[in-house]
Amino acid sequence: MTSTDTASLFLHPDRNLALELVRATEAAAIRAVPYIGRGDKLAADGAAVDAMRAFLGTVNFDGVVVIGEGEKDEAPMLFNGEHVGNGRGPACDIAVDPIDGTSLTAAGRQNALSVIAVSDRGTMLDASSVFYMDKIVTGPEGIGVVDIRKPIGENIRALAKAKGKDVGDITVAVLDRPRHAQLIEEIRAAGAGTRLMLDGDVAGGINAARYETRIDMCAGIGGSPEGIVTACAVKAIGGLIQGVMAPKDDLERQKGIDAGLKMDYVYEANELVNSDNTFFVATGVTDGGLVDGVRRMGPIIRTHSVVLRSKSGTIRRISADHLAAKWLEE
């Protein structure tokens with residue numbers, strides 16, 4: 001192997017990385033289980049963060065956290081700019097969400113996930129200065145057909161035509177928030193149905209892009225970090241994602257501009273993540289449409305994960321059994 005070949009290995013995430021990252025999402029999901037339905041989302045998140053950070057430290061890569069947890073209780077954990085991994089592998093940007101859906105976990109509801117997204121170094125948009133983003137996600141049929149600049153009703157009709165479906169058979173996932181009252185009304189007025197989500201718009205976006213689900217589109221304002229994470233997954237599926245920054249006030253708007261973000265601008269998938277080699281890894285905390293949650297089955301703990309990679313266009317599902325005694329001893 002030439003020195004050039006060797007160097008190239010450290011410029012791009014390699015295919016084995018995804019299987020190592022699964023260990024970190026599995027650990028975070030397992031550690032969150034005792035807090036499911038206990039009403040304490042901070043405790044659940046804290047346990048998942050600690051587990052994910054510990055396992056990421058063993059992974060053979062040099063990751064820089066572009067989207068992280070921030071700092072809690074003056075103890076930095078997976079904060080933006082932190083280096084994770086053992087530093088000996090490929091140079092990557094990384095987005096982490098030890099629990100996407102802490103409120104879902106605390107309430108014992110469905111669709112809570114432990115998530116990691118990875119791309120080549122310097123390719124993830126750092127949208128952390130503006131917390132919210134208006135997003136639209138569809139499967140590949142929406143490419144060149146759906147546009148976030150258009151009214152939602154027009155997009156629904158265009159997508160229905162592209163998919164060969166009646167408008168009445170289109171389902172749009174939307175976060176159940178007061179800010180979406182008008183959007184929900186317009187979706188229903190167009191003749192489509194809604195799937196209202198309590199939380200967890202990463203799963204909503206991915207399910208909108210996948211071909212075998214009942215969700216055709218995900219729309220509305222959610223977290224900017226979740227938008228970047230979803231983009232990593234959508235690029236592996238081949239779907240459509242667009243995002244527009246949605247600052248909550250003039251102060252945040254200016255903060256975003258100062259950070260180099262464009263306001264009133266439609267970010268396409270390649271601008272959210274400018275890489276053709278993205279990974280998305282998720283392990284279910286609670287049962288959901290994307291993956292099943294963690295289960296204790298006698299002496300074992302069973303986890304269900306999904307791994308998406310854009311370079312190969314693959315979606316892999318991983319079911320793993322862990323000896324419960326190993327986790328109880330730690």
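## Exercises: rings, helices and hollows

Tyr 265 is partly exposed, with a relative accessibility of 27%. Keep in mind that the model you're looking at is predicted.

### Exercise 1. The tyrosine pair

Work out how the rings of Tyr 265 and Tyr 267 are arranged, and what sits over the face of Tyr 265.

Solution. Start with how covered each ring is. Tyr 265, at 27%, falls between the 20% and 50% cut-offs, so it's partly exposed. Tyr 267 comes in at 4%, which is under 20%, so this one counts as buried.

Next, the geometry. The two ring centres are 5.0 Å apart and the planes make an angle of 85°. An angle over 60 degrees counts as edge-to-face, and that's the label for Tyr 265 and Tyr 267.

Last, look for a charge. Lys 262 lies over the face of Tyr 265, 4.4 Å from the ring centre.

While you're here, check the backbone of Asp 264. Its phi is positive, about 55°, although Asp 264 isn't a glycine. This residue belongs to the loop between helix H9 (250-258) and strand E12 (267-268). With a relative accessible area of 64%, Asp 264 is exposed.

### Exercise 2. A pair that reaches across the sequence

Find out what kind of aromatic pair Phe 55 and Trp 327 form, and which parts of the chain they tie together.

Solution. The whole structure has three aromatic pairs. In the one made by Phe 55 and Trp 327, the centres are 6.1 Å apart and the planes differ by 15°. Planes under 30 degrees apart count as stacked, and this pair is stacked.

Now place the two residues. Phe 55 is in helix H3 and Trp 327 is in helix H11 (residues 324-329), so the pair links parts 272 residues apart in sequence.

Then the accessibility: Phe 55 is partly exposed at 22%, while Trp 327 is buried at 10%.

### Exercise 3. Two helices, checked with a ruler

Check whether the end-to-end distance of H2 agrees or disagrees with its number of residues, then do the H8 check.

Solution. H2 covers residues 17-32, which is 16 residues. At 1.5 Å a residue they should span 22 Å, and the end C-alpha atoms are 23 Å apart, so the two agree. For H8, 14 residues should span 20 Å, and the end C-alpha atoms are indeed 20 Å apart.

How covered are they? In H2, twelve of the 16 residues are buried; among them are Leu 17, Leu 21, Val 22, Glu 26 and Ile 30. In H8, 13 of the 14 residues are buried, so the rest of the structure largely encloses this helix. Right after H8 comes Gly 238, with a positive phi near 90°.

### Exercise 4. The largest pocket

Describe the largest pocket: its volume, its central residues and the elements that line it.

Solution. First the volume: about 790 Å³. The lining has 30 residues, and those closest to the centre are Asp 97, Asp 100, Phe 131, Pro 225 and Glu 226.

Next, the elements. Helix H3 (41-56), strand E5 (91-100), helix H4 (102-107), strand E10 (217-223) and helix H8 (224-237) each give at least two residues. E5 gives the most, with four.

Finally, sort the lining by class: nine nonpolar, ten polar and eleven charged residues.

### Exercise 5. The second largest pocket and Asn 111

Do the same for the second largest pocket, then look at the phi of Asn 111.

Solution. This pocket has a volume of about 350 Å³. It's lined by 17 residues, with Asn 111, Arg 195, Asn 207, Ile 215 and Gly 289 closest to the centre. Strand E9 (193-197) and helix H7 (201-209) each supply two or more lining residues. By class, you get six nonpolar, seven polar and four charged.

Now zoom in on Asn 111. Its phi is positive, near 75°, and it isn't a glycine. Asn 111 is in the loop between H4 and strand E6 (113-120), and at 26% relative accessibility it's partly exposed.

### Exercise 6. The cavity

How many cavities of 30 Å³ or more does a search of the whole structure find, and which element gives the most to the lining of the largest cavity?

Solution. The search turns up one, with about 90 Å³ of space. Its lining has 13 residues, and Lys 135, Asp 201, Cys 218, Ala 219 and Gly 220 lie nearest the centre. Strand E7 (132-138), H7 and E10 each supply at least two of the lining residues. E10 gives the most, with five. The class split is six nonpolar, five polar and two charged.

Notes. Residues are numbered from 1 along each chain as its sequence is written. This is a predicted model: local features need pLDDT of at least 70, side-chain atom pairs count only at pLDDT 80 or more; totals for chains, interfaces and linings use all residues. Side-chain values use heavy atoms; hydrogens and water are left out. On a 1 Å grid over the protein atoms alone, a cavity is a set of points where a 1.4 Å probe fits but cannot get out, and a pocket is an open set with protein on both sides within 12 Å along at least five of seven lines; lining residues have an atom within 4 Å of a point. Grid points are joined across faces, edges and corners, and a volume is the space filled by probe spheres set on the points. Ala, Val, Leu, Ile, Met, Phe, Trp, Tyr, Cys and Pro count as nonpolar, Asp, Glu, Lys and Arg as charged, and the others, Gly among them, as polar. The expected span of a helix is 1.5 Å times one less than its number of residues. Buried means under 20% relative accessible area, exposed over 50%, partly exposed in between (1.4 Å probe, protein chains only). Rings of Phe, Tyr and Trp (its six-membered ring) pair if their centres lie within 6.5 Å; planes under 30 degrees apart count as stacked, over 60 as edge-to-face and the rest as tilted. A charge sits over a ring if NZ of Lys or CZ of Arg is within 6 Å of the ring centre and within 35 degrees of the ring normal.
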